Amino acid sequence: MQHNESIRNIAIIAHVDHGKTTLVDAVFRLSGVFGAGRAFDERIMDSNELERERGITISAKNCAVFWKGVKINILDTPGHADFGGEVERALSMVDGAILLVDAAEGPLPQTRFVLRKTLEAGLRILVVINKIDRKDARPAEVLNEIYDLFIDLGANEEQIEFPVLYAVGREGLAMRSPEEPGKDLSLLLDAVLEEIPGPEYDPAEPFRMLVSDLDYSDYLGRLAVGKVRHGTVRARDSLVRIDGGGDGHPMKIVKLQVYRGMRLEEADEAPPGEIVVLSGTDDVCIGDTVCTREAPRALPRIRVDAPVVSMYFGINTSPLAGQEGKIVRAGKIRERLYRESLRNVAVQVRDSGDGESFMVMGRGEFQMAILIEQMRREGFELGVGRPKVILREENGRVLEPVEHLLADCDEAFMGLVTEKLSMRKARMTSLINNGSGRVRLEFSVPSRGLIGFRDEFLTDTRGTGIMHSYLDGYEEYRGDFSARFTGSLVADRPGRATAYAIYNLEPRGVMMTEPGDPVYEGLIVGEHNRDNDIDVNPTKEKKLTNLRAAGKDENVILTPVRPMTLERALQFAADDELVEVTPRSVRLRKAELSAAKRRSAGGKKKAASPGSGE
């Protein structure tokens, strides 16, 4: 085996908000990707609107810089465990990784998640302790925590002897020690050349490439992205694509492209180790192998963790369907969901059999929320259900996914947070109180216990709490519990909500509807103070008589309504409720809109329950 020393392929891995994308900006500036003195936007790798709004990386992206005559292909990966599929496919294209850790926060749950994937792949790791300019930075302690994490994850001797650099990514500085003044990121790029090996290949092997990502061009169709494992590929070569079933399909390269900065540029050929983009087939899938016709041999397909949650996706069946969105047909929703499953290896889609609904499975509720948000911005209208965890059965035992949760909050809220989590079958595994007024709590909690908990946690901690979690495996089912202790206020007729009706409903709960909003039978207009649902009339108007002076008692002061967000709606929805999603609105509704049918179904359920006297 030989190494191509003219190329380095690296991934940047880190917990959410530890500075990956900002560091890439600084590398671009130093390497002269955009030319001397030319200005460009911050966080340029966060290329889509959702990433810029939320300040997180959602999908892994490729770019390339040149340093001292060597091409460095860089993959910016997501830091959230819900987008683990993006991390896994990105790691299949690289030979090493830069692990970025915040100098104050240290390794957090998502750090453990992405590092575990990197160690399993056997990659060389370069550790960068970032943000050492923070007032609360503690680089020496953080470095010890990183060593502990490597040992805990079973790193081998070579992996645990990792090089360490310190950085201020925002300023574009890297240094060998926290006390040393930084100049630029030259030390980091030099360390990449020295510590990360060039891509390995067998000179006797013909061309082979594993498809690790997909893209799309209006002119070229579907694009296959991957690293050339062996051999050289040339434009207009006639090749074979081997699918998941082991069948070969002829493929002719229409165009061969490689990365330069953030752009793609056309190339006549690409050597082993290069990350390339091939066009020439619309049937390619992630995990397929592209190889020569003379030696068609498949590479091992990308393995990803099994889905943890499932969600119902269906057409919008409310009376307001089609009024706010352009795409409402089940066929178009199906096409969009299956396209997502092709691009994201962590997403699976199944038809429900009725032609109008689908079951979508993925890593977590946040991943599902991002998918729904993307669809509504594309003009889709749909109805979605509450996320549900996927249970397993082994040897007659029911197993459920369990997460490791880290909660950081003020000491005053510790008792309340612990009480709320214990009600959700959580078990405390660690408590750290360093006397600063804040405590760090760690729990083992069922994944279903965290659905809908984030908003409650932020409310309980007055917005000052921080929580992160990652999947820790499967354990025996811990028993049932109530995730919600309130009911719903459900509209019993169509019309428009009035201020008079809402004012008189406010004592019953927290309202979600404002005066003038359209309502229909089955729409949830508020959260009931008690644990049962009640049907209400939000369209009721004040009776007018000639005994009142004009304008008297007309003006009522209503409690401001908190805007309904998609995440809040998904967390609030009960098992018999749906979230109606359109490009302009997010509404909660009952799955069965008819009040009479809901009462009939509730009566039958009560009659069939034990102890009903039947």
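**Exercise 1. In this predicted model, sort the residues that line the second largest cavity into nonpolar, polar and charged.**

Solution.
Step 1. The classes come out as 2 nonpolar, 3 polar and 2 charged residues.
Step 2. List the lining: Ile-315, Asn-316, Thr-317, Gly-383, Leu-578, Glu-580 and Arg-589.
Step 3. Assign them. Ile-315 and Leu-578 are the nonpolar pair. Glu-580 and Arg-589 carry the charged label. Asn-316, Thr-317 and Gly-383 count as polar.
Step 4. Add the volume: this cavity holds about 40 Å³ of space.

**Exercise 2. Describe the lining of the largest cavity and find which elements supply it.**

Solution.
Step 1. Count the cavities. With a cut-off of 30 Å³ or more, there are 2.
Step 2. Take the largest, with about 40 Å³ of space.
Step 3. Read its lining: Ile-10, Ile-12, Val-27, Ile-72, Ile-74, Ile-98, Leu-188, Leu-189 and Val-192.
Step 4. Classify. The lining has 9 nonpolar residues, no polar and no charged.
Step 5. Map to elements. β2 (7–14), β4 (70–76) and α7 (186–195) each give at least two residues. The largest share, 3 residues, is from α7.

**Exercise 3. Work out the strand order of the open sheet of 4 strands, and place β30 in it.**

Solution.
Step 1. The order is β32-β34-β30-β35, and the pairing is mixed.
Step 2. Mark the edges. β32 (509–511) and β35 (534–536) each pair on one side only.
Step 3. Check the twist. Neighbouring strands are turned by 30° against each other on average, direction ignored.
Step 4. Look at β30 (residues 487–491). It runs parallel to β35, joined by 3 bridges. Ala-491 stands opposite Val-536 of β35.

Notes: Residues are numbered from 1 along each chain as its sequence is written. This is a predicted model: local features need pLDDT of at least 70, side-chain atom pairs count only at pLDDT 80 or more; totals for chains, interfaces and linings use all residues. Side-chain values use heavy atoms; hydrogens and water are left out. Two strands pair if DSSP finds at least two bridges between them. Axes are lines fitted to C-alpha atoms, for helices over the stretch in contact, and angles run from 0 to 180 degrees between N-to-C directions. On a 1 Å grid over the protein atoms alone, a cavity is a set of points where a 1.4 Å probe fits but cannot get out, and a pocket is an open set with protein on both sides within 12 Å along at least five of seven lines; lining residues have an atom within 4 Å of a point. Grid points are joined across faces, edges and corners, and a volume is the space filled by probe spheres set on the points.
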